[in-house]
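Please open the model in a viewer and keep the sequence panel at hand. The tour below proceeds by selection, and each stop states what is to be found there.

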Amino acid sequence: MHRSGRGPAAPRRPLALAALPAALLALICAGPAPGATAPAAGSPAPAGVRTDGRVLAPAGAARSPYRARTFDVEPARAALERLLPRHWRQFALEPGTTAGADTFTVSGTTGAITVRGSTGATLLTGVGWYLQHVAGVDIGWPGDSIGMLPARLPAVPAPVTRRAEVPHRYALNDTDDGYSGPYRSFEEHQRQIDLLALHGINEVFVQVGAEYPYYRALQGFGYSAEELRQWIPGPGHQSWWLLQNLSGFGGPVSERLMRERAELGGRITEQLRGLGMTPVLPGYFGTVPPGFAARNPGAATVAQGDWAGFDRPDWLDPASPVFGRLAAAYYAEQREVFGDSTMYRMSPLHEGGQTGSVDVGAAAGAIQGALHAAHPGALWAVLGWQDDPTAELLAGVDTSKLLILDGLSDRYNRLDREARWGGVPYAMGTIYNFGGHTTVGANSSVWIERFGPWRDKANSALAGIAYLPEATGTNPAAFDLFTDLAWERGPIDQRAWFAGFAARRYGRPDAEAAAAWEELRKGPYSTSSGLWSESQDSLFTARPSLAAAGAAYWSPRSMRYPAGSVRKALDHLLKVDPALRGSSAYRFDLVDTARQALANHSRVLLPRIKAAYEAKDLTRFRALTAEWQDGMRKLDAVTGSDPGFLLGTWLSAARSWGADRAEQDRYEYDARSLLSVWGRRSTSEGGFLHDYANREWSGLISELYAPRWERYFASLDEALVGKAAPREIDWHAFEAEWAGRTTPHPNRPSGDPYRLAAQIATALPPAAAAR
């Protein structure tokens, strides 16, 4: 039990446990270590995991990474049934009792494929390898071509064994829950886990429900439930609260919502453990509500200042005695709902936090000490971003129990991670998507050029990969290629890889598909390092200005590849064999490529509009702005034909978590504001976060972006007619009004994606004219 400096111990919470599913309740009641997870650096691999979470190992098994292991394959088999509902019975999944860690073997005859693996997740990775290299189909993120599989699966010519080249295959940015969907269902999270396992990931960040341990623990340190509900932000903004950037916005949250999110997070961790994957949980590093020191004698806090127009939460000095008690309370509450793990995610002083008089090394040591007091030997995962982790932080900890997730591996040149971090283990990471932008592309050639040499050089500290886009569910080729790095010993030939991807993406080789993906490879998927790791966003989604160069303030200001590559790819995709056009993979790629080709044209069209306005050529100005607005109508229509581009899905998910109309409206505002104003006026304007999460989605285009440009062009038209300066428009007020709406939008696609994409291709200049 724990006590605050003033009040009584916080009561235990029978309601929360009562709300949990029976399987998770069994995990909690079984003891403090309900599941085996992937090992920390230097630790032996787990013996295996059953669905009840218990570790199994033969009597007398040696404690080494290569000891024999058995585990219940049922969670992997259930995942396989979800992934391949027509073919799962043709697979025999067997524990690789003598296999090395992170190893699978695939063999078999027609209609009878055997996969052996060291964990449930590795079994699924073996299935993924078979689908990719033998069956020639793709289950991507998003889109698949499994409808092209024959009734009886093809034989494996000869048994194939693969072993992961690095022990850590980490996935999910701290911002993923916010930008990818803070109001998702368990089934959506389950699908994500299945895909991650299929592509060889073994460590997954779990953020859902992370507010509940704070809510419970801090009630024992002088705070009422009501105060904490006001302090905790809405789910859409909780990613940045956990990073100690903000508090409160998008709330207040209800206790019911927090309990249900904790239950969901618990089910996610249970799902990961069942597959032998590590649920990476948020650790505690000192975030506290206002007035903590006044309520807890002996506590010392440091004001953290401003983050993008928000007042950051205070930081409790980890060296103060109160920190140890609060951290212990936090981990106890976390354990009760989420169980234990061997890996925890923390980034103190993220993006400009203030150290005050705190000794950073001592603070880091205390943070790690509190973690190890609750979870002996657990690995601390820290983000490599901007100047973090600093030399001072690294000097204060046991770095053998640290893993740096490098968010800058493919962004800058002349990187030497061993020199920068003193040989601390790190994972090569990529952040090719910021804010959930729908833009196509990634620095994939940089990944290939760097991963092998970084892994193989003398005294290399490279210990993993870290899949860190700020939002997932875009750029399926990037997801496939980046995760392949960890399972291919030799260097990947980028051109050959994309040719193979084109073939399996639609279920069989096709010359036009190959030509389309060769254009995409040479263009948006071969951008270089130096300054950016993502491609430019669309001017259609930008706040209106004749000088607009990008929508998000922090995004590239110009094209990062020749626009003609996407334009040519669209032409080729429209010529793909009609027999291959029925898959969700083809539909998504066609819509995405048409959307990108039109978005790229916005960068050609806007300078022409500007020139007409400055020449005071009203006729030409009106013709060009009409072309712009027609382009936006086409953009809204084509994105409305695929489920991956619908605003309605985002909004209906948010509303589904509200218990009454007021709560539904509050969560819809949380979801809408993230896409538009992001936060309050100081955040949107002073922090430059308006449109940070812009995306070309049907509904968002027609209800926010198109009317915004329409109003702007009307003001310029009026100015030309009246020979006067255009009127000023308060764009924040315009966007804030939209964020406060509750207008419904479709959450199912409509229209023929092929016809709509073909209309865009017809309307655009030919590829030779695209620059």
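**First stop: a helix pair**

In this predicted model, select helix 22 (residues 618-639) together with helix 26 (residues 700-722): the two pack at an angle of about 175°, and their axes lie 11 Å apart. An angle over 145 degrees counts as roughly antiparallel. Helix 22 and helix 26 are therefore roughly antiparallel to each other.

Next, display the side chains along this contact. On the side of helix 22, the residues to show include L618, F621, R622, W628, M632 and L635. They belong to the set that meets residues of helix 26, among them I701, Y705, W709, F713, L716 and V721. Colouring by class shows 13 nonpolar, four polar and four charged residues in the contact of helix 22 with helix 26.

**Second stop: the barrel**

Now select strands 5, 6, 7, 13, 14, 15, 16 and 17. These eight strands close into a barrel in the order 5-6-7-13-14-15-16-17, with parallel pairing. On average, neighbouring strands of this sheet are turned by 30° against each other, direction ignored.

For a single pairing, restrict the selection to strand 6 (residues 203-205) and strand 7 (residues 278-282), which run in the parallel sense and share three bridges. Which residue of strand 7 is the bridge partner of E203? The partner of E203 is T278.

Add helix 13 (residues 360-374), which packs on the sheet and touches both strand 13 (343-345) and strand 14 (379-384). The direction of helix 13 makes about 140° with that of strand 14.

**Third stop: the largest pocket**

Select W141, P142, E188, P643 and G644, which lie nearest the centre of the largest pocket among its 39 lining residues. The volume of this pocket is about 1100 Å³. Helix 5 (176-180), helix 6 (186-198), helix 21 (584-614) and helix 23 (647-656) each contribute at least two residues to the lining. Which helix gives the largest share of the lining of this pocket? Helix 6 does, with five residues. By class, the lining of the largest pocket comprises 16 nonpolar, 14 polar and nine charged residues.

**Fourth stop: the cavities**

The whole structure holds seven cavities of 30 Å³ or more. For the largest cavity, which encloses about 220 Å³ of space, select G128, W129, Q132, L198 and D484; of the 19 lining residues, these are the closest to its centre. Helix 4 (120-135) and helix 17 (476-484) each supply at least two residues of the lining of the largest cavity, and the largest share, six residues, comes from helix 4. The lining of the largest cavity divides into seven nonpolar, six polar and six charged residues.

Finally, move to the second largest cavity, with about 120 Å³ of space. Select L172, Q192, F205, V206 and Q207, which lie nearest its centre among 15 lining residues. Helix 5, helix 6, strand 6 and helix 10 (255-274) each provide at least two residues of this lining. Helix 6, already met at the largest pocket, gives the largest share of the lining of the second largest cavity, namely three residues. By class, the lining of the second largest cavity has eight nonpolar, four polar and three charged residues.

Definitions and conventions: Residues are numbered from 1 along each chain as its sequence is written. This is a predicted model: local features need pLDDT of at least 70, side-chain atom pairs count only at pLDDT 80 or more; totals for chains, interfaces and linings use all residues. Side-chain values use heavy atoms; hydrogens and water are left out. Two strands pair if DSSP finds at least two bridges between them. Helices (H or I, at least four residues) and strands (E, at least two) are DSSP runs, numbered from the N terminus. Axes are lines fitted to C-alpha atoms, for helices over the stretch in contact, and angles run from 0 to 180 degrees between N-to-C directions. Contact means heavy atoms within 4.5 Å. On a 1 Å grid over the protein atoms alone, a cavity is a set of points where a 1.4 Å probe fits but cannot get out, and a pocket is an open set with protein on both sides within 12 Å along at least five of seven lines; lining residues have an atom within 4 Å of a point. Grid points are joined across faces, edges and corners, and a volume is the space filled by probe spheres set on the points. Ala, Val, Leu, Ile, Met, Phe, Trp, Tyr, Cys and Pro count as nonpolar, Asp, Glu, Lys and Arg as charged, and the others, Gly among them, as polar. Angles under 35 degrees count as roughly parallel, over 145 as roughly antiparallel, 65 to 115 as roughly perpendicular and the rest as oblique.
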